[in-house]
Amino acid sequence: MSGAESPCDVVVVGGGLAGCEASYQLAQRGLRVRLVEMKPHRRTPAQTSDRLAELVCSNSLRGAALSNAVGLLKEELRRVGSLALRCADETAVPAGGALAVDRERFAEAMTRAIEAHPRIAVDRREVTEIPAERPVILATGPLTSDALAASLAAAVGAEHLAYYDAIAPIVSADSIDWSRVWKQSRYGKGSFRGERPAEPGRAAEPERPAEPERAAPPEGAAERRDDAEAGDEAYVNCPFDEAQYKAFVRALVASEKVEARDFEEVRYFEGCLPCEVMAARGEQTLAFGPMKPVGLTDPRTGRRPYAVLQLRPEDEAATAYNLVGFQTRMKYAEQLRVFRMVPGLEEAEFLRMGSVHRNTFVDAPALLGPAMELRALPGVHLAGQIAGVEGYVESAAAGFVCAILLAQKLRNEALRPPPPTTALGGILTHLGRKQPSYQPSNITWAHVAPLDPAQGKLRKRARYEAMAERALRDIDAWWAAG
C-alpha cells in the first residue's frame with residue numbers, strides 16, 4: 001500500500017527534524033502516521049539530497065555543556081527518547097565541546113529509522129495547501145513553499161505570517177556593565193530605576209549647536225514608532241557621545257556582511273532594516289531612528305546623550321536583553337567586534353546573534369493554543385521553525401513537544417506539557433510569550449523559569465548549573481509520570 005493510501009491517525013507534512021521527530025514520537029505511542037515529504041519530486045534550493053532530516057546549513061548541534069541552554073535541551077531530549085538525539089549521538093564527529101555529526105550518516109540514520117517504523121508510512125509528494133485531513137502537523141520548515149505558505153496565510157491572515165527573519169542580538173544581563181547604563185523609558189513612560197536623575201529645578205540642558213545634518217531626518221531615517229517607545233517597562237539605555245556614535249556608525253558601514261544565498265531575494269522592509277543598511281544611508285540616520293535620544297536623560301550628567309542604543313528585556317526576570325532595532329546581516333565575528341563598541345556592552349555575552357534571512361514563520365503567541373494548534377483551524381498543529389523556533393535542536397524539540405501534546409489530546413487526557421523549569425518547557429514559553437514583534441529564537445536561559453529568589457543571588461555559571469540541575473530533575477519526574 002502506498003504512503004498516500006495508507007490509513008493513518010495523524011498526517012505530518014515535512015520530513016525535516018521537526019517532522020521526523022513528531023512522526024516517530026506519535027508512532028511510538030501507537031498512532032499511525034503518514035509523513036508527507038516533497039523530495040525527490042521537489043527540493044528547496046538549500047537541499048542537495050533526497051534523505052529525510054537533511055542538515056543544510058551546518059553539521060553542528062552546538063554546545064554540549066549543561067551550563068549552556070542548548071546543551072541542557074539536548075540532554076533533556078536524550079532522557080525522553082528523542083530520535084534526533086539518538087541518531088546524532090550515533091553519528092557524532094569530534095568537535096571539542098560541541099555536538100557535531102556526520103551529515104550524511106545522520107540523515108541516513110534518521111531516514112532508516114523513519115522508513116523502518118511499522119506505524120509510519122512515508123508519502124513522497126508535494127503539499128500545496130493545508131490538508132483537509134485532521135489532525136495534521138505542519139512541519140515544513142523555514143523554506144515552506146510559496147503555495148503552502150499562501151494557503152496558511154489565507155487561513156490565519158497574511159499579517160500573521162512572515163517570509164523573512166529580522167533578528168536583533170540578545171545579551172546576557174549579567175554581562176552588561178551597569179555602571180555605564182541606566183533604565184528609563186522615553187518621556188518617563190515607565191519606571192525609572194538605577195541612579196537618580198537630575199534633581200528637580202536643575203538648569204535645563206543647553207541646546208546643542210545646530211548641525212546641518214541633524215536639522216531634518218535623512219532619507220530612510222526611521223520616523224516609525226519603535227518598540228522602545230511602545231511599552232510601559234523601563235528600557236536599558238547605552239549612551240553615546242558624538243565621537244563614540246560616529247565611530248560606531250563607521251564600524252557598521254565597514255563591517256563584513258553575510259552574503260545572501262542564491263535563493264534568497266534580498267528584500268528589506270523599511271520598518272525593519274538591518275542596522276548597517278540604515279547606517280549606510282547617512283551618518284545621522286540611526287540617530288533619527290533606533291538610536292534617537294529624545295525623551296531620555298542620562299542621570300549621570302543630567303543631559304540628553306548624543307545618541308542611545310536601547311536594550312529591551314527578553315523575559316519577565318530580565319535575565320537577557322534585546323538590542324532594539326539592531327537586526328543585522330553582519331558576520332558573527334563582526335557583530336561581536338562592533339556591538340562591543342556600545343558603551344556598557346564591552347564585555348557582553350551574546351546569547352543570540354542577529355540575522356536577516358528568508359524564513360517563513362507565524363506569529364505563534366497570537367495564533368497557537370496550548371497544544372501548538374492553530375486557534376483558527378482546529379486540528380492543524382505547527383512544529384519546528386514555521387512555529388518560530390530557530391536551530392536544528394530546537395526544531396527537533398518542537399516536533400517532540402507537539403507530538404506529545406497531540407498524543408495526549410487524542411487519548412482525551414489532560415494536557416501535560418513539559419515543566420516551564422525545563423528547556424523543553426522553554427520551547428513552549430517562547431511560542432507563547434507575546435512580543436511587540438514576534439521573532440524566531442534559539443533556546444536561551446531567558447526561556448527557562450528563573451530560580452526561586454530564596455536560593456539567593458548566584459553567580460552566572462552557578463545559577464545556570466543550578467537551573468540545569470533543577471531542569472533535569474523536573475524533566476525526569478515529568479517523563480516518569482508518563
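Start with helix α4, residues 103-116: its 14 residues at 1.5 Å a residue should span 20 Å, and the end C-alpha atoms are 20 Å apart, which agrees. The expected span here is 1.5 Å times one less than the number of residues. Helices are DSSP runs of H or I with at least four residues, strands are runs of E with at least two, and both are numbered from the N terminus.

Two notes on the model before moving on. This is a predicted model, in which local features need pLDDT of at least 70 and side-chain atom pairs count only at pLDDT 80 or more, while totals for chains, interfaces and linings use all residues. Residues are numbered from 1 along each chain as its sequence is written, and side-chain values use heavy atoms, with hydrogens and water left out.

**Stop 1: around α4**

Stay on α4 and select Phe106, Ala107, Ala109, Met110, Thr111, Ala113 and Ile114. These are the buried residues of the helix. Buried means under 20% relative accessible area, exposed means over 50%, and partly exposed lies in between, using a 1.4 Å probe and protein chains only. Now show what they pack against: α1 (17-28), β2, α3 (83-90), β5 (98-101) and β6. Contact means heavy atoms within 4.5 Å.

Next, go to the start of α4. A side-chain oxygen of aspartate 102 comes to within 3.1 Å of the backbone nitrogen of glutamate 104. That is a polar contact: N or O atoms within 3.5 Å, where within protein one must be able to donate a hydrogen and the other to accept it, and residues adjacent in sequence count only if both atoms are side-chain atoms.

**Stop 2: the nonpolar cores**

Phe106 leads onward. It is among the residues with the most contacts inside the largest nonpolar core, alongside Leu26, Leu73, Ile137, Leu152, Leu374 and Leu424. That core has 97 residues. Helix α11 gives the most to it, with 13 residues. A nonpolar core is a set of buried Ala, Val, Leu, Ile, Met, Phe, Trp, Tyr and Cys residues joined through side-chain atoms within 4.5 Å. In soluble globular proteins, nonpolar side chains tend to be buried together.

Select leucine 152. Not counting residues up to four places away in sequence, leucine 152 touches Ile130, Leu138, Leu161, Val362, Leu374 and Ile386. Apart from the largest core lies another, of 34 residues, including Cys275, Met278, Met291 and Leu311.

**Stop 3: glutamate 394**

Go to α11 (residues 392-410) and pick glutamate 394. Is it buried or exposed? Glutamate 394 is buried, at 0% relative accessible area. Its side chain makes a polar contact of 2.6 Å with the side chain of arginine 62. A polar atom of the glutamate 394 side chain also lies 2.9 Å from the backbone nitrogen of isoleucine 443. Leaving out residues up to four places away in sequence, glutamate 394 touches Arg62, Val70, Leu73, Val389, Ile427, Asn442 and Ile443.

**Stop 4: salt bridges**

The whole structure holds 23 salt bridges. Each is a side-chain nitrogen of Lys or Arg within 4 Å of a carboxyl oxygen of Asp or Glu.

- Select glutamate 133 and arginine 34: their closest N and O atoms are 2.9 Å apart. The pair links distant parts of the chain, 99 residues apart, from the loop between β6 (120-124) and β7 (136-138) to strand β2 (residues 33-37). Glutamate 133 is partly exposed at 36%, whereas arginine 34 is buried at 5%.
- Select glutamate 256 and lysine 331: this salt bridge is 3.4 Å, N to O. Glutamate 256 sits in the loop between α7 (242-254) and α8 (275-280), and lysine 331 in the loop between β13 (320-323) and α9 (332-339), 75 residues apart.
- Select arginine 337 and glutamate 334: they meet at 3.0 Å, N to O. Both are in helix α9, three residues apart, about one helical turn. Arginine 337 is partly exposed at 43%; glutamate 334 is buried at 12%.
- Select Glu75, Arg78, Arg79, Asp89 and Asp476: a network of salt bridges links them.

**Stop 5: aromatic rings**

Finish with the rings. There are 10 aromatic pairs. Rings of Phe, Tyr and Trp (its six-membered ring) pair if their centres lie within 6.5 Å; planes under 30 degrees apart count as stacked, over 60 as edge-to-face and the rest as tilted. Phenylalanine 326 and phenylalanine 339 are edge-to-face, 6.1 Å centre to centre with 80° between the planes. Phenylalanine 326 lies in the loop between β13 and α9 and phenylalanine 339 in helix α9, so the pair ties together parts 13 residues apart in sequence. Both phenylalanines, 326 and 339, are buried. Widen the selection to Phe240, Phe248, Phe326, Phe339 and Phe350, a cluster linked by ring pairs.
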